[in-house]
Amino acid sequence: MGLNPVLAPVGPADSRLTPIYAYFSQQGWQPLAFQAETWAAYLEGKSGLIQVPTGSGKTYAAVMGPIAEMLTDPREGLQLLYVTPLRALSRDIEQAIKTPIAAMAWNLRVEARSGDTSATRRAQQLKQMPQILITTPESLAVMLSYPDGEKRFGHLRAVVVDEWHELMGSKRGTQVELCLAYLRSLQPQLRTWALSATLGNLEEAAQTAVGQGTQPVIIRANLRRETIIQSILPESVDTFPWAGHLGLRMFETLVDALDLEKSTLIFTNTRNQAERWYQALTFALPDQADQIALHHGSIDVNDRAAIEARVKAGTVKWVVCTSSLDLGVDFQPVERVVQIGSAKNLARLLQRAGRSAHVPEGVAEVFFLPTHALELLEIAAFRRGLAAGTMESRSPQPKPYDVLVQHLVTLACGDGFEPQATLAELQQTVAYADLSEAEYQWVLDFISQGGQCLRAYPRYRKVELKAGRYRISDPHLARLHRMGMGTITSNTPVRLVYTNRKTIGTVEESFVSRLKPGDVFFFAGRQLEYFQLKDMVLYVKGSQRKSTVTPTWGGGQLAISDTLSDHLRQEVETVGRALAAGDQPAPHLPEEIQCIVPILAAQQRLSSLPRAHELLVESCKTREGQHLYVFPLEGRFVHEGLGFLWGYRFAKRKPATFTVSVNDYGFELLGPPGYPYADLFASDFFSLENLEADMRASLNLSELTQRRFRGIAQVAGLVFKGYPGSRKTSSQLQVSTALLYEVFTKYEPENLLLRQAEQEVLRDQLETHRLAKTLRRLDQRSVVWHTTRRPSPLAFPLLVERLGARLSNETLMERIQRMKEQWQQR
């Protein structure tokens, strides 16, 4: 059972809270201590952050203080702004706030505003704001782009930012920081409260939410909800595992382990995986298919809302979903959560687990189904991490210039901005605390004159200085700006529409380009036939023909976090010690580890299992060439950087061309036959000296930077995606951004947006900060070098990862089987 929650005293300490306590009493509730603590802090004029487990009552903790103040000191206009990252969340939050207002007949109006809100309603809201408005970061930014912002937001008392752990580390979080800074300039007494369930760096998170110069209050509760993890184990495991060799093969095992009478969310890590699992489950249970649903971000918003309503009503029992249901949508009927494949991140697993038993005393139940036998090691590491109470940290983005460019143009579209006062506001945010005068002047020149390269083009001269304030130079540019606002960039989506004009959802242009009229594919639980593509809209018809073709969406693979990798290394060492002591089948080890003992024992026999103070390196020769396998157990992104770095450092000693393959456990370098890795290896392979220069030289950084620049150019408003109904294709956007990238590189190499693109590649894609920490750690370890006759069980997945990039699935399966047969004969 979960811990008994600590309750607040029966009566309010502040008379302003009397209506709130009256409502709680009417419901038969007593406020929890952390809720009463938050209300008191708010009424004292303080700002801060609330961190308690999912489903513990954070929303009422955040909003009841402001509501109490509104009831005792009523005023006109917007009083409370509630910012949430998901439109789906806004529906739940609106209902949660309206319920006590209706029950107690409080004279307060609550509305929501997002991209789903009708144009008529949005126009009415701009003229007359409700007292409480629930919105998204993007919709808030759009509101700031209209004149009369001071009149609209000047009476604001409080802003609540929900799911701050989800927003803070992204550009959407930066966008929220900038909007809050502007709102504080209009209302200096504004109070800000951030809500979070899973963060390791609370102090930094709280300071980022409330801004520099304010001392945040951090509210915690002793509500440590118990999380029970139960693994669905395969009947047997292959001694040579590889990514994806389990997964869908175990769908019957999953069906047998679950109960259709228990409401269950089945999480996958990708939309493609969700589509395939939905197919498999409805195939296994055709008579109950109406009780199984599919939910992901590319399905039409109305269909998603209908599914959420059916879950709450209990008519849908199983939902196959992605991160679209990660966050605080309140599904109290949900009793169980399934995670397909490793969540790769402690916070993500806890967040998903919190969807079940979504009440303060609830016990979260998670079933884990591996897609890869070695993921069972990760789930044992998850248990270790949860027991230790560790959690990943997230830090704000450091000075993203593209978001700043967009924000300043947004302010210019509204009431305009005074440059020096705005710089002072910006420097009160954590993201732009060290923004220099020179950088700020560059941004001002860029938006007013087009910078050094674009001065000849009027559409890049977006703002002009009039009477000491920068204002938008042309109303037409303001309209274009509002259409392109936001910090989420992706490949241009193609709308999927039935021939009767009913919208189904969106897929990526790259997927549609591989289809032709008459082709059938599976999407959102339907068999659809390609009819016609026109103006980025794919018209389809329902089909009875069966197809296993499923859309794929772009997006990087998940990598294990630094926190989880620490626990993973400890788990590997524990198992290695047990096997070295002859403790087999090691009954004291977790059931997941016992299941894969044959794999780990084979690894120990052919090579070894690395201890915490060791770095395992293996070398073997095949007909393909000379293989080097290195196992730091640090995560895919770190290994990608490390693989290219070592390839470059080997090639400096003896020139050669290497193929690099990576996964979460290690990396492979495939070199020419007989390449002398062992003779060339030296301790300076761990050196931090010239690390950034070596990284630039080791891979095509300009290609990676150009790809990253596409998104930056969209956020900064350098390319226009097109009008609704005539959106530009991905290839058109790529041509536009490639031309800008070429011009900037050639004529303005110090362009801040170029610099940002390169820094994002190094920081986000190659994780050079983690790479540097890893090199320091590896330098302290002893290198254990094994020459093997064949790839070991840890090395085999890396070999398959490389083959999978150039072979079809059928050919890959045949090749894997042939290799295993050859090695078993040896």
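**Reasoning from values to terms in a predicted model**

User: Why does Q79 count as buried?

Analyst: The relative accessibility of Q79 is 1%. Buried means under 20% relative accessible area, so Q79 meets the criterion. The structure in question is a predicted model.

User: Where is Q79 found, and which residues does Q79 touch beyond those up to four places away in sequence?

Analyst: Q79 belongs to the loop that joins α3 (58-72) to β2 (80-83). Setting aside residues up to four places away in sequence, Q79 touches M70, P130, Q131, H155, L156, R157 and A158.

User: What makes the approach of the Q79 side chain to the backbone oxygen of E76 a polar contact?

Analyst: The side chain of Q79 reaches that oxygen at 3.0 Å. The cut-off for a pair of N or O atoms is 3.5 Å, so the distance of 3.0 Å satisfies it. The backbone oxygen of G77 is treated likewise: a polar atom of the Q79 side chain lies 3.2 Å from it, and 3.2 Å is also within 3.5 Å.

User: How do you know that R352 is buried?

Analyst: The relative accessible area of R352 is 3%. Since the limit for buried is under 20%, the term applies to R352. R352 sits in helix α14 (residues 346-353). When neighbours within four places in sequence are left aside, the contacts of R352 are F267, T268, N269, T322, S323, D326, V337 and Q339.

User: Why is A181 called buried, and which residues does A181 touch?

Analyst: A181 has a relative accessible area of 9%, and because buried means under 20%, A181 is placed in that class. The residue is part of helix α9 (residues 171-186). Not counting residues up to four places away in sequence, A181 touches E425 and T429. The C-alpha atoms of A181 and V210 are 9.1 Å apart in space, while the two residues are 29 apart in sequence.

User: Why is D148 described as partly exposed?

Analyst: The relative accessible area of D148 is 46%. Buried requires under 20% and exposed over 50%, with partly exposed in between, so 46% gives the intermediate class. D148 lies in the loop between α6 (137-144) and α7 (149-153). Its phi is near 70°, a positive value in a residue other than glycine.

User: What makes N690 partly exposed?

Analyst: N690 has 49% relative accessibility. Exposed would require over 50%; N690 therefore counts as partly exposed. N690 is located in the loop between α25 (677-680) and α26 (691-698). Although not a glycine, N690 has a positive phi of about 60°.

User: Why are α16 and α18 called oblique to each other?

Analyst: Two packed helices are described by the angle between their axes and the distance between the axes. Helix α16 (residues 401-413) and helix α18 (residues 437-449) pack at about 55°, and their axes are 10 Å apart. Roughly parallel needs under 35 degrees and roughly perpendicular 65 to 115. An angle of about 55° fits neither, so the pair is oblique. The contact is formed by Y401, L404, V405, L408 and V409 of α16 with E439, Y440, V443, L444, F446 and I447 of α18. These residues comprise ten nonpolar, no polar and one charged. The crossing of α16 past α18 is right-handed.

User: What makes α24 roughly perpendicular to α30?

Analyst: Helix α24 (residues 636-653) and helix α30 (residues 768-779) pack at an angle of about 70°, with axes 9 Å apart. Angles of 65 to 115 degrees count as roughly perpendicular, so α24 is roughly perpendicular to α30. In this pair, V638, G641, L642 and L645 of α24 meet R770, L771, T774, L775 and L778 of α30. By class, that contact has six nonpolar, two polar and one charged residues. The crossing of α24 past α30 is right-handed.

User: Which residues of helix α23 are buried, and what do the buried residues of α23 pack against?

Analyst: In helix α23 (residues 597-606), the buried residues are V597, I599, L600, A601, A602 and Q603. Their packing partners are α15 (375-388), α21 (562-580), α22 (591-595) and β21 (614-622).

User: How many helices and strands are in the chain, and what percentage of its residues count as buried?

Analyst: The chain contains 32 helices and 27 strands. Of its 826 residues, 58% count as buried. Among contacts with a separation of 6 or more, 74% join residues 24 or more positions apart.

Methods: Residues are numbered from 1 along each chain as its sequence is written. This is a predicted model: local features need pLDDT of at least 70, side-chain atom pairs count only at pLDDT 80 or more; totals for chains, interfaces and linings use all residues. Side-chain values use heavy atoms; hydrogens and water are left out. Helices (H or I, at least four residues) and strands (E, at least two) are DSSP runs, numbered from the N terminus. Buried means under 20% relative accessible area, exposed over 50%, partly exposed in between (1.4 Å probe, protein chains only). A polar contact is a pair of N or O atoms within 3.5 Å; within protein, one must be able to donate a hydrogen and the other to accept it, and residues adjacent in sequence count only if both atoms are side-chain atoms. Contact means heavy atoms within 4.5 Å. Axes are lines fitted to C-alpha atoms, for helices over the stretch in contact, and angles run from 0 to 180 degrees between N-to-C directions. Angles under 35 degrees count as roughly parallel, over 145 as roughly antiparallel, 65 to 115 as roughly perpendicular and the rest as oblique. A crossing is left-handed if the near helix is turned anticlockwise from the far one by less than a right angle, and right-handed if clockwise. Ala, Val, Leu, Ile, Met, Phe, Trp, Tyr, Cys and Pro count as nonpolar, Asp, Glu, Lys and Arg as charged, and the others, Gly among them, as polar.
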